[in-house]
Each structure stands twice: as C-alpha cells, then as structure tokens.
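User: I've got a model open and I'd like to learn how to read its side-chain features. Could you walk me through it?

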Amino acid sequence: MTRSEIYDALRAWLQGHGFDTGFRVQKRQWTEVQNTRNARYLIIQKNGGGAGEEAITRDYFRLILLTGQDDVSIDEVEDRAEAIRQAMLDDYQTECIIFMQPIGGIPAFRTEEGRYAFEINFQTIISR
C-alpha cells in the first residue's frame, strides 16, 4: 500500500462520516488557496511511523482543522475536532485501517493569519 493510498483511505474515512463537510481537505501540508480567507481547512499529515517491511504498518498521523480567518464560529470547528476524535475510538475501521487511536487531547493554537487550529494526533495500524 502506497502512502498516497493511506492518505486516500483516511480522507475516505473522513468523508464517510461527513467530517469533511465545509472544509477544504488537503494532504501533507496546508496551502492557502487564493481568495479563501473564510474557508476552513482540514489537513492530513504523517507524523512518524514504523518499519515498512512488516505485514502491517504502525503509522502516526495528525489532522489539523483550521477555522476561517477571524471565524466567529470557532466552537463549530472545535466540536468537529472532538467528534472526529470520538469516532476514532468508536468507528475507525476501513479496508486497510484496522486500528485508529487518538493520542492526547486536542491542542489549539492561533496562526499568524488569524485562524485557530485544532490538532488531533493519532496512531494507526494499517494492513498492507
């Protein structure tokens, strides 16, 4: 299974739960799209991992949910982050992901652009 396929599986999981609704989903890094000041972003990033030669891969990822710039509905984005974290505990299985476990809480920070970011760190076990 390629890294792109894993990103696609995570994106499909988010879509299957409706967590991508209202967000621009991006892989690997956040790239501000021109004229999207009010858009919300959801970024999927690799955050470490295990040996690739095993039959299963133990990889770490993180999701970053960004509010729009000066968004007045920050609570909605934070609530979405919490719902995603809870779904990781309750309903995480896909074709290739056999385990998904959040690590820690949901730290938040403010970007230079005036966006709030909520970060979900998690471990996966992926069947090759």
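Analyst: Let's go through salt bridges, one arginine, the aromatic rings, some strands and the backbone angles. Keep in mind that this is a predicted model.

User: Fine. How many salt bridges does the count come to?

Analyst: The general idea comes first: side chains of opposite charge can pair when their charged atoms come close. Here the count comes to eight salt bridges. One of them is between D70 and R37, whose closest N and O atoms are 3.0 Å apart. That pair links distant parts of the chain, 33 residues apart: D70 is in the loop between β3 (56-66) and α2 (74-90), while R37 is in the loop between β1 (23-27) and β2 (40-49).

User: Which residues are linked with D70 in a network of salt bridges?

Analyst: The network links R37, D70 and R110. You've already met the R37 part; the other salt bridge joins the side chains of D70 and R110, at 3.4 Å from N to O. This pair also links distant parts of the chain, since R110 sits in strand β5 (residues 108-110), 40 residues from D70.

User: Are those residues buried, exposed or partly exposed?

Analyst: D70 counts as partly exposed because its relative accessibility is 47%, a value in between the cut-offs of 20% and 50%. R37 is partly exposed too, at 45%, and R110 is partly exposed at 46%.

User: Which residue does K46 form a salt bridge with?

Analyst: Its partner is D59, with the closest N and O atoms 3.3 Å apart. K46 lies in strand β2 and D59 in strand β3, so the pair ties together parts that are 13 residues apart in sequence. Now look at the accessibility of each partner: K46 is partly exposed at 27%, whereas D59 is buried at 1%.

User: Which ring does K46 lie over?

Analyst: That would be F61: K46 lies over the face of the F61 ring, at 5.9 Å from the ring centre. F61 also belongs to an aromatic cluster together with Y7 and F122.

User: While we're on rings, how many aromatic pairs does the structure hold?

Analyst: When you read a ring pair, check the distance between centres and then the angle between planes. The structure holds four aromatic pairs. Among them is W13 with F19, a tilted pair with 5.9 Å centre to centre and 50° between the planes. Both W13 and F19 are buried.

User: Back to charged residues. Where is R40, and what does its side chain reach?

Analyst: R40 is in strand β2, and it counts as buried because its relative accessibility is 15%, with the cut-off for buried being under 20%. To read a case like this, list the polar partners. The R40 side chain reaches the backbone oxygen of S73 at 3.3 Å. It also makes a polar contact with the side chain of E76, at 3.2 Å. Leaving out residues up to four places away in sequence, the residues R40 touches include F23, L66, D71 and V77.

User: Now the strands. Which strands are joined to β6 by bridges?

Analyst: A bit of background: in a regular strand the side chains alternate between the two faces of the sheet. In this model, six bridges join strand β4 (residues 97-103) to β6, and the two run antiparallel. In that pairing, I97 stands opposite I126. Three bridges join β5 to β6, again antiparallel, and there A108 stands opposite F118. β5 and β6 form a hairpin with five residues between them.

User: How many residues of β6 are buried?

Analyst: Strand β6 (residues 116-127) is mostly covered, with 10 of its 12 residues buried.

User: Last one: which residues have a positive phi?

Analyst: As a rule, most residues other than glycine have a negative phi. Among the cases here, G114 in the turn of the β5 and β6 hairpin has a positive phi of about 85°. R28 has a positive phi near 75° and is not a glycine. R28 lies in the loop between β1 and β2 and is partly exposed, with a relative accessible area of 41%. D70 comes up again here: its phi is positive, about 55°, although it is not a glycine.

Methods:
Residues are numbered from 1 along each chain as its sequence is written. This is a predicted model: local features need pLDDT of at least 70, side-chain atom pairs count only at pLDDT 80 or more; totals for chains, interfaces and linings use all residues. Side-chain values use heavy atoms; hydrogens and water are left out. Rings of Phe, Tyr and Trp (its six-membered ring) pair if their centres lie within 6.5 Å; planes under 30 degrees apart count as stacked, over 60 as edge-to-face and the rest as tilted. Buried means under 20% relative accessible area, exposed over 50%, partly exposed in between (1.4 Å probe, protein chains only). A charge sits over a ring if NZ of Lys or CZ of Arg is within 6 Å of the ring centre and within 35 degrees of the ring normal. A salt bridge is a side-chain nitrogen of Lys or Arg within 4 Å of a carboxyl oxygen of Asp or Glu. Helices (H or I, at least four residues) and strands (E, at least two) are DSSP runs, numbered from the N terminus. Two strands pair if DSSP finds at least two bridges between them. A polar contact is a pair of N or O atoms within 3.5 Å; within protein, one must be able to donate a hydrogen and the other to accept it, and residues adjacent in sequence count only if both atoms are side-chain atoms. Contact means heavy atoms within 4.5 Å.
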